[in-house]
Amino acid sequence: MKAIIMNGLISLVLISACQSGSKTDPVQKTSPAQPLMGEFTISGADALFPLMNVLSREFMKLHPELNIEVTKGGTGRGLQKLLNREIDLAMVSRELTPDEESLDLWFFPVTKEAVFPVISRKNPYLKKILEQGIKRNTLKELYQGESGLTWGQILSTDSKEPVLVLTRADTSGAAIVWANYLGIHRIGLAGSKVEGDDGMILKITDEPYSLGYCNAHYAFNFTDQTVHEGIEVIPLDINNNGKIDLNEKFYENLCLASRAAYLGKFPIHLCREIALVSQGQPTDKNIIEFLRWIYGDGQKIAKENGYTELRSCIAEDYLYLLNHTIFK
């Protein structure tokens, strides 16, 4: 969808379609009359990269003469490449800024993704950390970088080991989501800087006293949806009672964590829509058909791979928009 929403036109179309109960048939509407061929490129947010790899691969199986190239490098780099016309679609894991909204960018939500705090599995206090969890105010103090907290201060022990705070070096959506949750401007996030989610996981695995954050599909393995080897997700002590209660225990696997986010047990400010963005209205038939497919069969694939699918009304409305309005 165009970031400035076409002066309300698109919003009106979507609301009208939803209220009228209009439905579109994903199989009928997402099957082009002619075979697709050629290529297009996608790059950007780490958060969307694992799913986009799967989606592009499955779509190319349906269209063997079509090639979709997918790379990552963070939301900021993806948008810059898009504006430089180096790629056709950018993967974005945050809301567009007002300056970006003025650049004729069209925003197509694909799924939702959460950001989790993570620590090393080598941490000698791991058992106590998982039992006690961590409070938002403690995370805020760590990322403001003013106090230099030790693990002993956090866990009420005599440990003198300082917490090695890690943050993202790139202009990532995850960093903005994390900063917003803590009430800190992204530029003000303290910590040693690492590149990408992969870099974050590698650094935390190697550093026993480290603490950082990453997107859900890097905290958990993409294949079996268990916690990534070498790290642990820190449970959030949401009610601030100094322990992780039963209703705060949902980090064993990605399925449980996604369900908790869907039910509102996980902080809403750590969840956001991740999207594909084009510069101007898409005109390439390949891209238009790919977007149509995403709002049909693509949503099933997202769910199968541990992502939170869009609400059916939203997916149907975007499909209606693609089929009947702008791209008719």
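Q: A pocket's volume is the space filled by probe spheres set on its grid points. How much space lies in the second largest pocket?
A: The model is a predicted one. The pocket in question is the second largest, and 22 residues line it. Its space comes to about 340 Å³.

Q: Which element gives the largest share of the lining of the second largest pocket?
A: At least two lining residues come from each of β4, α11 (216–219), α12 (254–262) and β9. The largest share is five residues, and its source is α12.

Q: Of the residues lining the second largest pocket, how many are charged?
A: Lys112, Ala261, Tyr262, Cys271 and Thr308 lie nearest the pocket centre. Across the lining, eleven residues are nonpolar and five are polar. The charged residues number six.

Q: How many residues of strand β4 are buried?
A: Buried stands for under 20% relative accessible area. Strand β4 covers residues 105–120, which makes 16 residues, and the strand is mostly covered. The buried count is 15.

Q: Which residue in β9 is the bridge partner of Phe108?
A: Strand β9 spans residues 271–279 and pairs with β4 in the antiparallel sense, over nine bridges. Within β9, the partner of Phe108 is Leu276.

Q: Which residue in β7 is the bridge partner of Val118?
A: β4 also runs antiparallel to β7 (residues 210–215), with five bridges joining them. In β7, Val118 has as its bridge partner Gly212.

Q: Which residue in β8 stands opposite Ile119?
A: Strand β8 consists of residues 231–233 and is joined to β4 by three bridges, antiparallel in sense. Opposite Ile119 in β8 stands Glu232.

Technical notes
Residues numbered from 1 in each chain as written. Predicted model: local features only at pLDDT ≥ 70, side-chain atom pairs only at ≥ 80, totals over all residues. Heavy atoms only, no water. Buried < 20%, exposed > 50% of the residue type's maximum accessible area, 1.4 Å probe, protein only. Helix = DSSP H or I, 4+ residues; strand = E, 2+ residues; numbered from the N terminus. Pairing = 2+ DSSP bridges. 1 Å grid on protein atoms, 1.4 Å probe; cavity = no way out; pocket = protein on both sides within 12 Å on 5 of 7 lines; lining within 4 Å. Nonpolar A, V, L, I, M, F, W, Y, C, P; charged D, E, K, R; others polar.
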